[in-house]
Each structure stands twice: as C-alpha cells, then as structure tokens.
Amino acid sequence: MTGRTPARFTADDYRARMERAVRAAGDAGLAGLLVAPGPDLVWLTGYAPPAATERLTLLLLTPDRDPVLVVPALEAPDAAAAAGAPALTLRDWTDGKDPYAATTALLDTRGRYGVSDNAWALHLLRLQKALPDSSYASLTEALPMLRAVKDAAELELMAAAGAAADATYEEIRKVPFAGRRESEVGADLAGLLRRFGHSQVDFTIVASGPNGANPHHEVGDRVIEHGDMIVLDFGGLKDGYGSDTSRTVHVGEPTDEERRVHDLVREAQEAGFRAVRPGVACQEVDRAARAVIADAGYGEYFIHRTGHGIGVTTHEPPYMIEGEEQPLVPGMCFSVEPGVYLPGRFGVRIEDIVTVTENGGRRLNDTTRELVVVD
C-alpha cells in the first residue's frame, strides 16, 4: 500500500463534467438536469451536503446558462468551499422564503428534465406543482452512462481502492475462522478495509456453509465450522471511489466436489473477463461466464447477473446482464462475479473489478482466485 497519493479533482475537472452532462442531456432530448444531494452531485461538483438535510439543495444544469446550485443559506459556506464551486453559481435561500420559486424561475416551464434518482419526492412534487407543464425522467433511465466512463484520475482512484480491498483479503486469510461467528469475521473485514484507507464500508458478506447459497447473506450469528466453504464479499469507498471483491475460502481441506465447483466458477470468471473489450455489448460478458456454468450442468444455480458498474457508488450502471446491449467503452469499470449456489449446502463466488482498456480489459483486483484453505 505504498506509492504516490492519487490526484485530486480541480474546478476545471468538475466544469468539464458538468459540460459533458449538459451535452448528454441535450442528446437525450432533455432541457437539462436537476441534481439533488447524492453521488451525482458529488461527482459533478465535489459537494456533499449534510445527508439528513430536508432543505432544498439542487444543481441546475441547462444549456442556456452556467451551472447554478440552489442551496440553503446556512449551508452556503460549505458549498462555496467545494472543489467545483468556482465552476458554478450559488443561489442561496433563507428559511421562511420559497426555494421553489427561485428554482423554477430558472427552468423552462414546458421542459423535460432528468432528475437524479435520489431526489426527494417532496421537492420534485413541489417543482411539478409550480411548473405543471414540465416533465421529468430519472437519470438512471435517461443517462445511464453519465458516470460510467472514468478518466485517468478516476481510474487511479479505482485502482487504489481495489488494492486496498486486495490487502484486506490478504490479511483476512490469516485470521482464525473455525469456532467464530460470521459477524466476528465481518467485523475483522470492516476493520481491515478502514485500516487500508476506506472511509466507508458498504458491505461485508461472510456466508459460511449453507449460508453461502444465499448470494446476499452478509453476516449472521452462525458459528463457522471445520469443513465450511465461505463466501467473502466486501467493499466500500476509499477516497470517494468504490471497491468490491469476492473470494471463496474453505476451512480445512475441501471435498472433491467443492474443489470442482470452485474451479468451475473460476473458469467462468476467467471467461467473463476475457470477453471484455471495447465495442462488445455488456450482455456478452454475462453470456461468456454463464455459458461455462450452464455447460457444466449448474446453470440453474447461477442466479444473478454477472456484474455491475462501480465508481462513486459501489453499484451503478452499466450491468453485465442479458438484454443489456450497451457497448463497452474504454474507462468503464464493473464487476465480473459469477457464482454457483447449491441450496442447503454451499456457494462459491469469485469477483474482480475490471476496467475496459483500448484493446481488452484490466483487472483491478489481483489476489489469487484459487481456493484458499483457512484455519
């Protein structure tokens, strides 16, 4: 975990992102974008207001004026200190005033706007009431690829998050498993992620024995036993960018069947990775991994998509799933994580974050994909 600190983003970086977002909105037939607090606002401006605020905060991106961030007056100093603030205009409002009037005055009365998915219904309904002829579309539906393609600085941060997750896996292999509760190992994982630089832990799945057949089991009170297969899946945010990796370990020597299923999933994961290259549809990554498992007779036990995008959140578009025809583009980052889940017995999942390069793909996780025996 050594090396130089990844580059931070400048006002020019945020300005370029907002300009790109406005162009994308126009291409999608939208009059502009309305961005509420959440990952889209952080990515576009560098500003993360208090999570619990009920006061209207909204970034307005339209082609006819510079970006405007409507903020409560009491939070305006924090907004002004954000890295992207020099690239936008702040419009503050005080308690007792109508923030919606100030906002709607800047919008087309008949416009159709893209709205970030986590906008409060209260705020959107008030805007609709003030502009009854306006209409709205979710950003995930209207601009699913808005944050999907990472630039060089973002890829550096993604790589650093992946390296931190890898370091976590190398350390968790050393702890005792047998005789401890899943929740105890999960706490170890969370502590290690923070030790290696994560500011936010989003999930620590420790699914032992029959619990491994539930892909999202996370952690429970089950005491891990000798002979258990254990799915470990963990990740979060480091310097604002996500990690997510899965490995499957075994307490003591596995059976021949357990090794066979693990080897099958490893082969499927490799096939999914090798399908990654520019221009290939997302669904082809899913098809490549799924075919390996189906051909071996375990198709009915692979019960989820092969992957999901990752960036300033740990799950975002694009998705590696049948029916997703979005072509892969250099700079996209997503998971490749096939699995086999045998009800009442055990499960296996192997996951890397992969980024699309000019001629293929590059893994951002480099720990062994072999079945590791733990104590």
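A pocket, as the word is used here, is an open set of grid points, on a 1 Å grid over the protein atoms alone, with protein on both sides within 12 Å along at least five of seven lines. The structure discussed here is a predicted model, and its largest pocket holds about 690 Å³ of space. Of the 38 residues that line this pocket, those closest to its centre are Gly 38, Pro 39, Val 42, Trp 43 and Ala 48. Several elements contribute to the wall, since α1 (11-27), α2 (39-45), α5 (121-130) and β7 (200-208) each supply at least two lining residues. By class, the lining of the largest pocket comprises 23 nonpolar, ten polar and five charged residues.

Strand β7, one of the contributors to that lining, also belongs to an open sheet of four strands, whose order is β7-β8-β9-β17 and whose pairing is mixed. The edges of this sheet are formed by β7 and β17 (372-374), each of which has a single partner strand, so one side of each is left without a neighbour in the sheet. From one strand to the next, the twist averages 30 degrees. Within the sheet, β8 (residues 229-238) and β9 (residues 241-251) run antiparallel and are joined by ten bridges, and Asp 233 stands opposite Ser 246 in β9.

A second group of paired strands is centred on β3 (residues 68-72), and the pairings described in this report are set side by side below.

| Strands | Direction | Bridges |
|---|---|---|
| β8 (residues 229-238) and β9 (residues 241-251) | antiparallel | ten bridges |
| β2 (residues 58-61) and β3 | antiparallel | three bridges |
| β3 and β4 (residues 89-93) | parallel | five bridges |

A hairpin joins β2 to β3 through six residues, and in this pairing Leu 58 has Val 70 of β3 as its bridge partner. Towards β4, the bridge partner of Val 68 is Thr 89.

Why is strand β3 described as largely enclosed by the rest of the structure? Buried means under 20% relative accessible area; five of the five residues of β3 are buried, so the strand is largely enclosed by the rest of the structure. In a regular strand the side chains alternate between the two faces of the sheet. In β3, Val 68, Val 70 and Pro 72 point one way while Leu 69 and Val 71 point the other way, and all of them are buried.

Some features of the backbone also deserve attention. Most residues other than glycine have a negative phi, and most peptide bonds are trans. Glu 218, although it is not a glycine, has a positive phi of about 60 degrees, and this residue lies in the loop between β7 and β8. Asp 239, found in the loop between β8 and β9, likewise has a positive phi, near 50 degrees, in a residue other than glycine. Are these two loop residues buried, partly exposed or exposed? The partly exposed class runs between the limits of 20% and 50% relative accessible area; Glu 218, with a relative accessible area of 42%, is therefore partly exposed, and Asp 239, at 30% relative accessibility, also counts as partly exposed.

Where is the cis peptide bond found? The cis bond joins Pro 317 and Pro 318, with omega at about 5 degrees, and Pro 318 lies in strand β11 (residues 316-320).

How values were computed: Residues numbered from 1 in each chain as written. Predicted model: local features only at pLDDT ≥ 70, side-chain atom pairs only at ≥ 80, totals over all residues. Heavy atoms only, no water. 1 Å grid on protein atoms, 1.4 Å probe; cavity = no way out; pocket = protein on both sides within 12 Å on 5 of 7 lines; lining within 4 Å. Points joined across faces, edges and corners; volume = space filled by probe spheres on them. Nonpolar A, V, L, I, M, F, W, Y, C, P; charged D, E, K, R; others polar. Pairing = 2+ DSSP bridges. Axes fitted to C-alpha atoms, helices over the stretch in contact; angles between N-to-C directions. Buried < 20%, exposed > 50% of the residue type's maximum accessible area, 1.4 Å probe, protein only.
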